[in-house]
Amino acid sequence: MAERLGLFGGSFDPVHRAHLALAQAALEVLALDRVLWLPAGRPWQKARALAPAADRLEMLRLALQHEPRFVLDARETRRPGPSYTRDSVRELRAEHPAARLFLLIGQDQYAGFHTWQGWAEILQQAELAVAARPGVAARAADAVQRHPHHEVPLPPLDISATAIRARVAAGVPIDDLVPPEVARYIDRQGLYRAASGS
Ligand code: ATP
């Protein structure tokens with residue numbers, strides 16, 4: 001049987017419970033062998049400065065350690081220039097010629113998918129698996145919707161990394177939003193204390 005690989009990209013600044021729930025739901029509903037987590041080096045869409053890649057990688061390592069089918073793939077943090085999912089999908093297709101590739105995204109990303117570099121090429125190499133996101137009613141562009149996609153069933157989780165960073169900057173606990181190891185890491189390293197950007 002062909003290997004079934006989930007690809008999950010994001011800035012993961014920080015990784016949070018909705019990310020984990022989305023990837024876990026995708027593992028089950030799509031019967032994935034593995035989910036590769038692909039933290040962005042420098043996301044082309046985000047203007048604000050991200051936490052250093054080393055910190056985002058370490059938080060992911062801590063968050064993913066309990067699920068052996070979750071694999072951290074740091075290739076985008078090592079690539080110079082902006083992070084394009086298209087490049088990673090191209091490489092992963094070459095590395096896994098026989099696999100079925102599923103690109104996991106939330107509804108907000110699906111709605112803007114037609115603005116991604118090489119989106120049509122991505123859809124030739126991988127199948128989209130989309131999870132609903134509270135507060136996001138926007139639909140995908142017609143050209144994108146013409147391609148079939150999978151739905152990832154996810155209870156509404158009103159969590160965003162933006163809200164987490166704002167809470168930390170305001171001194172509000174985040175224990176309900178991230179795994180305990182991640183909350184401890186953020187606290188110990190003093191991440192997100194100064195409210196900069198969004
Ligand atoms: P930020 O608030 O910094 O923009 P974020 O919380 O949206 O970050 P990302 O790392 O940008 O997190 O997201 C990675 C992927 O996870 C994206 O495809 C996004 O749509 C999805 N995602 C994030 N949070 C949720 C959520 N609460 N429900 C569904 N999907 C989500």
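**Strands and pairing in the sheet**

Me: In β5, which residue is the bridge partner of F102?
Reply: In this predicted model, F102 has E127 as its bridge partner in β5.

Me: What makes β4 and β5 a pair?
Reply: Pairing takes at least two bridges. Strands β4 and β5 (residues 127-131) share 5, in the parallel sense, so they count as paired.

Me: And how do you know that β1 pairs with β4?
Reply: Happily, the test carries over: β1 (residues 4-10) and β4 have 5 bridges in the parallel sense, against a requirement of at least two, so they pair. L5 stands opposite L101 in β4.

Me: Why is β4 called mostly covered?
Reply: A residue is buried when its relative accessible area is under 20%. In β4 (residues 100-106), 6 of the 7 residues are buried, which means they fall under that cut-off and the strand earns the description.

Me: What makes β3 and β6 edge strands, and in which order do the strands lie?
Reply: The 6 strands form an open, parallel sheet ordered β3-β2-β1-β4-β5-β6. Both β3 (70-72) and β6 (150-152) pair on one side only. From one strand to the next, the twist averages 30°.

Me: How do you know that β2 and β3 pair?
Reply: Between β2 (residues 34-39) and β3 there are 3 parallel bridges, and at least two are needed, so the pair qualifies. V35 has F70 as its bridge partner in β3.

Me: Which strands does helix α4 touch?
Reply: Helix α4 (residues 85-95) packs on the sheet and touches β1, β2 and β4. Its direction makes about 155° with that of β4.

Definitions and conventions
Residues are numbered from 1 along each chain as its sequence is written. This is a predicted model: local features need pLDDT of at least 70, side-chain atom pairs count only at pLDDT 80 or more; totals for chains, interfaces and linings use all residues. Side-chain values use heavy atoms; hydrogens and water are left out. Buried means under 20% relative accessible area, exposed over 50%, partly exposed in between (1.4 Å probe, protein chains only). Helices (H or I, at least four residues) and strands (E, at least two) are DSSP runs, numbered from the N terminus. Axes are lines fitted to C-alpha atoms, for helices over the stretch in contact, and angles run from 0 to 180 degrees between N-to-C directions. Contact means heavy atoms within 4.5 Å.
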